[in-house]
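Hi,

Here's the structure I said I'd pass along. Have a look at it first, and then read my notes underneath.

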Amino acid sequence: MISRNENLCPLCGGEKREGKTTFTVDYQDTVIVIRDVPATVCAMCGHEWIADEVAGGLEAIVNDAKKKKPSVEITRYRKVA
Ligand SMILES: [Zn+2]
């Protein structure tokens with residue numbers, strides 16, 4: 001039987017702790033920053049894990065932010081035949 005300690009970082013063996021992180025999305029001309037995202041953070045190497053349900057929430061927030069993105073179109077006057 002394989003025993004696996006869920007509280008230890010698989011990368012460095014450090015202790016994983018509940019914490020918060022900042023999620024940043026660089027999308028075309030828009031940068032979306034989401035703060036206070038619940039995450040599990042390794043105390044040793046700082047690697048972060050975001051739970052599936054949190055990731056789903058982030059996706060919704062990002063999609064909503066993309067909709068609010070100001071759209072600027074630069075075009076020239078031209079005659080349409
Ligand atoms: Zn670690």
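Below is what turned up, starting with the metal site and ending with the core.

Keep in mind that this is a predicted model. The zinc ion takes its protein donors from the SG atoms of Cys9, Cys12, Cys42 and Cys45, which lie 2.3 Å from it. The site comes out as tetrahedral, with angles of 101 to 115 degrees among the four donor atoms. Along the sequence, the spacing of the donor residues reads C-x2-C-x29-C-x2-C. Cys9 sits in the segment before β1 (16-27) and Cys42 in strand β2 (residues 30-42), so this pair ties together parts that are 33 residues apart in sequence. Cys9 and Cys42 are both buried, too.

Next, one for you: is lysine 16 buried or exposed? This residue belongs to strand β1. Its relative accessibility is 18%, and since the cut-off for buried is under 20%, Lys16 counts as buried. Setting aside neighbours within four places in sequence, Lys16 has contacts with Glu6, Asn7, Leu8, Cys9, Thr40, Val41, Cys42 and Trp49. Two of the zinc donors, Cys9 and Cys42, are thus on that list.

As for the nonpolar part, the largest core has seven residues: Val25, Ile32, Ile34, Val37, Val54, Leu58 and Val62. Strand β2 and helix α1 (52-68) each supply at least two residues of this core. If you want one core member to click on, try Ile32. Not counting residues up to four places away in sequence, Ile32 touches Phe23, Thr24, Val25, Val62, Ala65 and Lys66.

Cheers

Conventions: Residues numbered from 1 in each chain as written. Predicted model: local features only at pLDDT ≥ 70, side-chain atom pairs only at ≥ 80, totals over all residues. Heavy atoms only, no water. Donors = N, O, S within 2.8 Å, 3.2 Å for Na, K, Ca; no water. Tetrahedral: all angles 85-135°; square planar, octahedral: opposite > 155°, others 65-115°. Helix = DSSP H or I, 4+ residues; strand = E, 2+ residues; numbered from the N terminus. Buried < 20%, exposed > 50% of the residue type's maximum accessible area, 1.4 Å probe, protein only. Contact = heavy atoms within 4.5 Å. Core = buried A, V, L, I, M, F, W, Y, C linked by side-chain atoms within 4.5 Å.
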